[in-house]
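Me: I should like to understand how the descriptive terms for a protein model are justified. Please begin with the terms for charge.

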Amino acid sequence: MIIIQEAIEVRLSHLRDARQLMDLDALVWDEHTAPGPVQWTSREQYLNACPPGSQIIAVRDTRVVGYVGFRAPTGLRSNAHVLEIHIAVHPAYQKQGIGSMLMDSVKELAREQQVKKLRLRVLSHNRRALAFYQKCGFIEEGRLLNEFCIGGKYVDDILMRYLLK
């Protein structure tokens, strides 16, 4: 899968992308976007959790500016029709359609793999992400009330889904 639009290349991740993806995680995942910071202790740890090909990335020139990660939520055959996703776009490249491009790409990949459902989790106080996911067709499927205590305040963990046709 390679899509090139307005100088943005969208493709599956490669081994050579690991460092930039680690740096992007450190930049975007904070107490507003995640229950805790995402800090990788080594490249090996990162690659074990996020092997090449487990993300669709957006690249401008040679810089990774966003990604959508995907994985099976369990190893169970009865759950093989579901992909769990998470998405991140570099703050300097937000509001440029990159997130939508990545979301369209993961939906296309899911259809090709006969996946029937995409799911994700988002913190209730992350209004921008909630609005983006709703714009992409995701709906709330469940809510874990007061699941996290962040900055002294309790925050719900919202479970969202998108059913593929």
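Reply: Lys and Arg count as positive and Asp and Glu as negative, while His and the chain ends are not counted. The place of a charge is taken as NZ of Lys, CZ of Arg, CG of Asp or CD of Glu. By this count the protein has 22 positive and 18 negative side chains, and 4 Å separates the centres of the two sets. This is a predicted model, in which local features need pLDDT of at least 70, side-chain atom pairs count only at pLDDT 80 or more, and totals for chains, interfaces and linings use all residues. Residues are numbered from 1 along each chain as its sequence is written, and side-chain values use heavy atoms, without hydrogens and water.

Me: Why is the protein called as compact as a globular protein of its length?

Reply: The globule rule is 2.2 Å times the number of residues to the power 0.38, and the radius of gyration is taken over C-alpha atoms. For 165 residues the rule gives 15 Å; the protein has 16 Å, which is close, so it is called as compact as a globular protein of that length. The C-alpha trace spans about 40 × 35 × 30 Å along its principal axes.

Me: What makes Pro-51 count as partly exposed?

Reply: Buried means under 20% relative accessible area, exposed over 50%, and partly exposed in between (1.4 Å probe, protein chains only). Pro-51 has 35% relative accessibility, and therefore counts as partly exposed. Of the 165 residues of the protein, 44% count as buried.

Me: Where along the chain is Pro-51 placed?

Reply: Pro-51 is in the loop between helix H2 (43-49) and strand S3 (55-60). Helices (H or I, at least four residues) and strands (E, at least two) are DSSP runs, numbered from the N terminus.
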